[in-house]
Amino acid sequence: MVSSDKLIDASAARRLGELLTGTEAKQVADRLADGDTLTVALKAIPAARRAPARSLAEKASTASLIAVLRAIEGARTAPSTVSALWTMPGHVAQRGPLTSSVSHFVDGARRSVTCSTFNFQRSSALWVTLRRAALRPELAVRVYVDAAAADHSVSRSTPTTAEVASHLHPATVLRTKEFKGTMVRNHAKFIAIDHRFLLVTSANFSWTAEHGNVEFGVLIDNRNLTEAVEREMLDAEDLLYERVPDPRYHEQTA
C-alpha cells in the first residue's frame with residue numbers, strides 16, 4: 001500500500017526515471033490521478049518491469065508519486081520531427097536519400113545503436129557502418145536478425161547469424177527462436193539512435209534495397225517513442241530471441 005504522506009526520496013525518483021519511458025510515466029500518472037489503484041495503474045508498464053516499479057512507487061504517497069511521474073514525463077517530452085527518406089533507382093528520389101542517411105546517423109551516434117532487420121547482405125553499406133559503430137567502446141550496439149533468413153539462405157552474400165555476431169563483435173546480436181512450436185520471423189526493420197532518433201524503413205539491409213529498389217523510410221526525432229520501441233524489444237527478448245554467441249569466444253575457451 002502506498003503511504004498517505006511520504007515523499008519519494010531523490011534516489012528512488014532517479015531509479016524510477018531510469019526505469020520508465022516518458023509515455024509509461026504519463027500513463028501511470030493519468031491512471032492514479034483518475035483514482036485507480038497502484039496495481040491497476042502499473043498495468044501500463046510491461047510485466048518485466050512492473051515489480052521493480054512497484055517497489056519504488058510504494059515508497060511514496062500517491063500525490064508525491066504523481067508529481068514525480070509528471071516530472072519524468074516532462075523531462076522526456078520534446079517536440080517530434082518527422083522526415084521522409086527515399087531510395088529509388090537512378091537517383092530519381094529528390095528528397096531525403098535513405099541509404100546515405102542511415103550511415104550518417106549511425107556514424108553520428110554517441111550512446112547507442114539498436115538495429116532490427118530481416119537480414120543483412122555483405123554488400124550493404126550498413127554492414128560496414130555497423131561494424132564501425134560496434135568497435136567504438138562508448139557505444140552500446142544491439143542487433144536483432146531473423147534466424148531463418150540468415151542461417152537457411154543459399155546466397156553467399158548473406159551472412160549467417162554467427163557471422164553477423166563475429167563481424168559485429170563486441171555488439172550484442174540476437175536471433176529469433178521457436179515460440180510455441182513455430183519459428184518467429186523478425187520483419188521489424190528499424191534503427192534507433194541514442195534512445196532518441198528512430199528510423200523505420202521498408203528496406204532490408206542489402207545493396208539492392210539501398211540502391212535498386214523503391215524503398216521508403218521515416219526518420220522520427222522523439223525520445224519517448226524511440227525508448228518505447230526499444231523497451232518493447234527488450235521485454236520480448238526472453239520469449240522470442242536468443243543471443244548469438246561469438247564463435248571466436250568459443251574457440252578461445254574450448
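## Close-up views of a predicted model

**View 1. The buried face of helix H7 in this predicted model.** Leu126, Trp127, Thr129, Leu130, Ala133 and Ala134 are the buried residues to look for in H7. At the N-terminal end of this helix, Ser124 acts as the cap, with a side-chain oxygen 3.0 Å from the backbone nitrogen of Leu126. H7 spans residues 125–134 and lies across strands E2 (112–117), E3 (140–145) and E7, making an angle of about 145 degrees with E3. Helix H11 (residues 223–240) packs on the sheet too, and its contacts take in E2, E3, E4 (172–176), E7, E8, E9 (215–221) and E10. The direction of H11 makes about 85 degrees with that of E10.

**View 2. The eight-stranded sheet, from E1 to E10.** Follow the open sheet across in the order E1-E9-E8-E7-E2-E3-E4-E10, and you will meet mixed pairing on the way. Strand E1 (81–87) and strand E10 (241–243) are the edges, each paired on one side only. On average, neighbouring strands here are turned by 15 degrees against each other, direction ignored.

**View 3. Strands E7, E8, E9 and E1, with their antiparallel partners.** Strand E7 (residues 190–193) and strand E8 (residues 197–201) run antiparallel and are joined by four bridges. Within this pairing, Ala192 stands opposite Leu198 of E8. E8 also pairs with E9, again in the antiparallel sense, over five bridges. Here Leu198 faces another partner, standing opposite Ile220 in E9. E9 pairs with E1 as well, through seven antiparallel bridges, and Thr87 stands opposite Glu215 of E9. E9 is mostly covered, with five of its seven residues buried.

**View 4. Aromatic pairs, including Phe105 with Phe197 and Tyr144 with Tyr241.** The model holds three aromatic pairs. One of them joins Phe105 and Phe197 in a tilted arrangement, with 5.9 Å from centre to centre and 40 degrees between the planes. Phe105 sits in helix H6 (residues 98–107) and Phe197 in strand E8, so this pair ties together parts 92 residues apart in sequence. Phe105 is partly exposed, at a relative accessible area of 27%. Turn now to Tyr144 and Tyr241: their ring centres are 5.1 Å apart and their planes stand at 65 degrees, so the pair is edge-to-face. Tyr144 belongs to strand E3 and Tyr241 to strand E10, so the pair links parts that are 97 residues apart in sequence. Both rings belong to buried residues, with relative accessible areas of 1% for Tyr144 and 8% for Tyr241.

**View 5. The surroundings of Thr161 in helix H9.** Thr161 lies in H9, a helix of residues 161–167. Is this residue buried or exposed? Thr161 counts as buried, because its relative accessibility is 1%, under the 20% cut-off. Leaving aside neighbours within four places in sequence, look around Thr161 for its contacts with Val145, Ala147, Ala150, Asp151, Arg175 and Val244.

**View 6. Salt bridges that join separate parts of the chain, from Arg142 to Glu237 and from Arg196 to Asp221.** The whole structure contains 14 salt bridges. In one of them the side chains of Arg142 and Glu237 meet at 2.8 Å, N to O. Arg142 is in strand E3 and Glu237 in helix H11, so the pair ties together parts that are 95 residues apart in sequence. Arg142 is partly exposed at 25% relative accessibility, whereas Glu237 is buried at 11% relative accessible area. Arg196 and Asp221 form a salt bridge whose closest N and O atoms are 2.8 Å apart. With Arg196 in the loop between E7 and E8 and Asp221 in strand E9, the pair ties together parts that are 25 residues apart in sequence. Here Arg196 counts as partly exposed at 34% relative accessibility, while Asp221 counts as buried at 13%.

**View 7. A salt bridge within helix H5, and a network of four residues.** Glu73 and Arg70 form a salt bridge with their closest N and O atoms 3.3 Å apart. Because these residues are three apart in H5 (residues 62–75), about one helical turn separates them. Glu73 is buried, with a relative accessible area of 18%, and Arg70 is partly exposed at 31% relative accessibility. To finish, find Glu24, Arg49, Arg231 and Asp235, which are linked in a network of salt bridges.

Technical notes: Residues are numbered from 1 along each chain as its sequence is written. This is a predicted model: local features need pLDDT of at least 70, side-chain atom pairs count only at pLDDT 80 or more; totals for chains, interfaces and linings use all residues. Side-chain values use heavy atoms; hydrogens and water are left out. Two strands pair if DSSP finds at least two bridges between them. Helices (H or I, at least four residues) and strands (E, at least two) are DSSP runs, numbered from the N terminus. Axes are lines fitted to C-alpha atoms, for helices over the stretch in contact, and angles run from 0 to 180 degrees between N-to-C directions. Contact means heavy atoms within 4.5 Å. Buried means under 20% relative accessible area, exposed over 50%, partly exposed in between (1.4 Å probe, protein chains only). A polar contact is a pair of N or O atoms within 3.5 Å; within protein, one must be able to donate a hydrogen and the other to accept it, and residues adjacent in sequence count only if both atoms are side-chain atoms. Rings of Phe, Tyr and Trp (its six-membered ring) pair if their centres lie within 6.5 Å; planes under 30 degrees apart count as stacked, over 60 as edge-to-face and the rest as tilted.
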